[in-house]
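User: Hi! Could you take a close look at one part of this model for me, the second largest pocket, and then carry on to what surrounds the elements that line it?

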Amino acid sequence: VPVLDLDITQPANIQRLLDQFFGYVEPQIDQFHRAVAEFRRQIPGLAQGLTAIIEGEKRDNRRFAQALAGFWDLCKGSLNPNTSIEEVEDMLKQHLLTERIFRSVFGNPDFVRRNAIARELEKVVDALTSRSFSRAAFMAQLDYFYEAIEKTARTIADYSEKQSFLNAVYEQFFQSYSTNTADTHGIVYTPAPIVRWMVASVEQVLQREFGTSLSEPGVNLLDPCVGTGTFMLEIIDKIRPSALPHKYDHELHCNEVLLLPYYIASQNIEHEYYERTGQYAAFEGICFADTLDMGRVQLQMFAPENTERVKRQESAPIFVIIGNPPYNVGQVNENDNNKNRKYPEIDRRIRNTYAKSSQATNKRALSDMYVRFFRWATDRLYGGDGVICFVSNNSFLDQFAFDGMRKELLKDFTSIYTLDLGGNVRQNPKLSGTTHNVFGIQVGVAITLLVRKRNGEMQRQPATVHYARVDEWWRREQKCSYLDQMGDFTGIEWQILTPNARGTWLTAGAADDFDSFVPMGTKEAKEGRAGSTSAIFRTYSRGAETTRDSWMYDFDRNKLASKARTMIETYNSELSRWIRAGSPSNVDDFVLADEAKIKWSSRLKECLVRKMEARFDPDSIRNALYRPFTRQYLYFDNIMTHRQGVFPRIFPLQSSEAENYCICVTDVGSEKPFLVFMSDVIADLHLVGAGSSTQCFPFYTYDEDGSNRRENITDWALEQYRAQYGAHVTKWDIFHGIYGLLHAPEYRAKYAQNLKRDLPRIPFVSPEAWAAFVAAGRELAALHVGYEQAQPYPLKHIEKQPFTWRVEKMRLSADKTELVVNTSLTLAGIPREVYDYRLGNRSALEWVIDQYQLKTDARSGITSDPNHPDDPEYIVRLVKQVVQVSVETARIVAALPGLG
């Protein structure tokens, strides 16, 4: 049937023809995608309906209540002793909403009878429907969706394509049904090219290093987080036909802790075996279990089959571990009550290895789920030889928090291969997660192949580290195509890395002489260890961290006081309620989670458990630097502030702000470019936004009552500087000289990579250069601290009537020479050099534009209004002052000498 009749001598017609040809979608496929979209839209409502039915039946149907309680006991015994009844009910709802898919799409009408877990759930469903609830009538609401899937399945002969659209259903289901589950467990399936490359690489390692293969008897393999089974399918496809029955029955193992992917994996694997052998055989190697908790004494199991499978796996001599562990460092918001589960044994092992070997102050990143799987997999080899291959977050490669993990991996393995697939949108905002990341996520990705070949001997030298990285700007399709072209790890051109003693692997771009410079501060000096005076500053502090900025910061002092009082009253009320309830151990489930009334953090819950009552104190309202050139009031105390750092001894009283200064720099591991800024008030931890922390080096420190002021620059440092530059050098000279030098373009460029991995170290320069840095640093400090007293830059006003100074959201013109303040005022004539002065990833002016706007926090409903009713011109004047400060800063920095 003709579709188009066009004159193809016209270029536009050829384009139209190609667009229609390549954009064509078969009707049944189009129907399927529309059905999936409809399914995603309906699922929340259907889940709510099931929730109401379950609640009613728990109350009125004794048989169901008993069956549900029995299944809950099985879950607590098998999966997690802290499994909640809500999680069990979620399993039941997932089963009800998806069971038809597995019967129809897989052509397996006996699924619920054959599968041990589905069989147990069906017993609960039987009890649920024993009184009045009609399963068929309720599920009829999804007939359109199921029929579309079934129709599509009948048109797809290639089973791998069927798996792809089932994986799409799987992701869509969890993203719609439970975003918390999707976040905690990393619901995303692994692209086929990654799976193929990893399995092929493991096969090559087995052959080259150990003279064996995936097909050989004795090579037990385990996928600890099997998901929908993609790795196991590729492995089954790689095994020789003659060896497959034995491997399938005895030496292939996998685990899954979520019900829906467990169902999909079970059927995928059994179907793949049927395709390869022509015979159906239940796959006894899959366990419905939590891999990280497999060593716990099992109380009860779902069924004898699952019990035996777990025991068999635990006793198996695993030689290969492969898979895609979930990536999640933990919940962002404590009110969500969606923490990663604690695993006492694995967490203890991480503390005693990765954390113990680390020099990092903040080790929170080591609680990421993928780190736990690296630790678990290493231990699961039971000290013997073997191979581990994971695709994971790539943060362990270069972030400072993982220095101990990198050191331990060098001890645990003989060879390490890491293919860095990049895609970290947080580090490079110009990238797109959906375009440049192989998983379509925001964090970078790497494939890591760990090989241990000791042949029963003690390991005498660290692992050889092989590293390769794909082009940062490749699209995900290019990265996947590259993996297919390379085939396996032998096709990659590897670079041999030489890790240093501090656990740094990626040293490219780092200058060797940096380590020879004098450190601004060290952990040893800060802790007062004996013989640890060889640092410029005795102590330093992370910026203040509230974890509840909308509650604890404000431009208006009175409004902040009102907010603080409200939250303190709510906290004390919750504390009293918790005590009256008998101090239940599960605080997360007990406390009020309404962020319009209270914003929790782990520290605040610790205070509650310790029965610490909060009291409002007007003296706790302090001046603070929230972002560059953005002063706000901060409610600062040891309960409402999540982490105070050393600031109670840096700015103990408001009077100390008149005499003390802090040099603020970005902390190691920052995702933002290096920052240096001067503050005379408490500085926020995220001075240049999320993804970057701040360390502050004060000139003075005090006792917490404000007494006993002392200089924070060490006498040792003063001796060094006087030896270099003369007896006239003072500690203020050192302070200002460092501030000037940290602005030097040559220093910032040459040591950019070093500054990502370490706090600044200060070189000794020529006396002439040092004098210039001291003078410039003194001038810059006065400019940056006193910016509100700067002479406003003469920007041109373009005004309209009716006129107002009020700001809601300012914006720059396309050429950045004008700033639209509001509908009645535009400031023109912004000089180009303003944008040369940058702090993190924004210029000073852009920070002011970003911060001085009307904002309403979506979760708490709290509105931040930067306008000053008693000084309506304040924001416009501030803009002009920051423009002036930026121009002056650019002039001073341009005149700085080289390092010599």
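Analyst: Happy to, and please keep in mind that this is a predicted model. Before the pocket, a stop at one residue: histidine 436 touches Gly423, Leu431, Trp473, Trp474, Arg475, Arg476 and Lys479, leaving aside residues up to four places away in sequence. Histidine 436 belongs to helix α19, residues 433-436. Its relative accessibility is 11%, so histidine 436 counts as buried, the cut-off being under 20%.

Now to the pocket itself. The second largest pocket has a volume of about 1,200 Å³. Its lining is made up of 47 residues, and the closest to the pocket centre are Lys672, Pro673, Ala752, Gln753 and Lys756. Several elements give two or more residues to this lining: the strands β6 (415-422), β8 (464-469), β9 (495-497) and β26 (838-839), together with the helices α28 (745-750), α29 (752-757) and α32 (874-894). Of these, α29 gives the most, with 5 residues. In chemical terms, the lining divides into 19 nonpolar, 16 polar and 12 charged residues.

Two of the lining elements lead further into the model. Take α32 to begin with: this helix packs on a sheet, where it touches β22, β24 and β25 (825-828), and its direction makes about 10° with that of β25. The sheet is open and has 4 strands in the order β22-β25-β24-β23, with antiparallel pairing. β22 (796-799) and β23 (811-812) stand at the edges with a single partner strand each, so one side of each has no neighbour in the sheet. For β23, antiparallel pairing with β24 (residues 818-822) runs over 2 bridges, and arginine 811 stands opposite valine 820 in β24. The loop between β22 and β23 holds proline 802, and the peptide bond from glutamine 801 to proline 802 is cis, with omega near -5°.

The other element is β8. The loop between β7 (445-452) and β8 contains asparagine 455, which has a positive phi of about 55° although it is not a glycine. Asparagine 455 has a relative accessible area of 57%, so this residue is exposed, the cut-off being over 50%.

A positive phi turns up at serine 583 too, with a value near 55° in a residue other than glycine. Serine 583 sits in the loop between α23 (557-580) and α24 (587-590), and is partly exposed at a relative accessible area of 24%.

Conventions:
Residues are numbered from 1 along each chain as its sequence is written. This is a predicted model: local features need pLDDT of at least 70, side-chain atom pairs count only at pLDDT 80 or more; totals for chains, interfaces and linings use all residues. Side-chain values use heavy atoms; hydrogens and water are left out. On a 1 Å grid over the protein atoms alone, a cavity is a set of points where a 1.4 Å probe fits but cannot get out, and a pocket is an open set with protein on both sides within 12 Å along at least five of seven lines; lining residues have an atom within 4 Å of a point. Grid points are joined across faces, edges and corners, and a volume is the space filled by probe spheres set on the points. Ala, Val, Leu, Ile, Met, Phe, Trp, Tyr, Cys and Pro count as nonpolar, Asp, Glu, Lys and Arg as charged, and the others, Gly among them, as polar. Two strands pair if DSSP finds at least two bridges between them. Contact means heavy atoms within 4.5 Å. Axes are lines fitted to C-alpha atoms, for helices over the stretch in contact, and angles run from 0 to 180 degrees between N-to-C directions. Buried means under 20% relative accessible area, exposed over 50%, partly exposed in between (1.4 Å probe, protein chains only).
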